[in-house]
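Colleague: I would like to go through the salt bridges and the burial of the residues that form them. Please give the reasoning each time.

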Amino acid sequence: MTESVNPDSDGNGIQTISDESNSEVIELTEEEFALELMQNFGVSNIKDAQLVAQRETTSKFSTQANSDSNKVSTTWITLTTYLSYGGNDKWALSSDVTYLKDSTSIINPVETHIIGLGTNAQFSIIPDSDYCSRKCTIFSLDPYINIPNTMYYYDSQYRSANGYAVYYKVRETETKNEVYYILAIKPNSSTATVVDGYGHYAKRSVNFTPSISISATGASMSISPSSNVTYMPNTHVQVDR
């Protein structure tokens, strides 16, 4: 396996990994990720993109709640899902993982993690509006140092009209993991009155290539093979259109 860490303009490590176990994972360079954000949101930072999407742009929402959030915490994950109106009859749906239990397995040093977002059948995900980033601290064996703020960027591997998902590998040498996933949705029915969003997360303590499925309602995610897969309770957010 070949690894390289390069400092960015803030002195943070940008990690690129090339090995067979990651061959199916779609990783973007930092420059590609920033360019896609700029094209779709007018900013190059994912957190700024979320703020742009949250802005109130029409008077129609001045007396209505135009955002919602739902947080789930377990012994191994803390995840918050957000739904915000972004103008032009579009909504931003995102999940923010602020705590992920470190892997300590010696037998299986690589875990496979899956994060997903779904929406109800009266809405559809806007193609190519999805972005996912992961930040972690890497413990390097040569030399023995911690490399903080190492960034990975991903494209979704699973895509359907009502659900997108990303899977990635988390190694035992990668700690303090934080994950951010965002996409945009729009109505596909003139009679749609309520916007529903769902956040999903699952993991399996082995290195494998998962088969992912999100239901037509967006409310559930399934992983195959299903043995030894741990699921987070789904989050649910809802706003009036």
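Modeller: This is a predicted model. In it, Asp-89 has 22% relative accessibility and counts as partly exposed.

Colleague: Why is Asp-89 called partly exposed?

Modeller: Buried means under 20% and exposed means over 50%. Asp-89 is at 22%, so it falls in between and is partly exposed. Arg-241, at 23%, is partly exposed by the same reasoning.

Colleague: What makes Asp-89 and Arg-241 a salt bridge?

Modeller: The limit is 4 Å between a side-chain nitrogen of Lys or Arg and a carboxyl oxygen of Asp or Glu. The closest N and O atoms of this pair are 2.8 Å apart, so the pair qualifies. The two residues are 152 apart in the chain: Asp-89 sits in the loop between β5 and β6, Arg-241 in the segment after β18.

Colleague: How do you know that Arg-159 and Asp-130 form a salt bridge?

Modeller: Their N to O distance is 3.2 Å, which is within 4 Å, so the rule is met. Arg-159 lies in strand β11 and Asp-130 in the loop between β8 and β9, so the bridge ties together parts 29 residues apart in sequence.

Colleague: Are Arg-159 and Asp-130 buried or partly exposed?

Modeller: Arg-159 is partly exposed at 37%. Asp-130 is at 2%, under the 20% limit, and therefore buried.

Colleague: What makes Glu-174 buried?

Modeller: Its relative accessible area is 1%, which is under 20%, so Glu-174 is buried. Arg-134, with which Glu-174 forms a salt bridge at 3.1 Å, is also buried, at 1%.

Note on methods: Residues numbered from 1 in each chain as written. Predicted model: local features only at pLDDT ≥ 70, side-chain atom pairs only at ≥ 80, totals over all residues. Heavy atoms only, no water. Helix = DSSP H or I, 4+ residues; strand = E, 2+ residues; numbered from the N terminus. Buried < 20%, exposed > 50% of the residue type's maximum accessible area, 1.4 Å probe, protein only.
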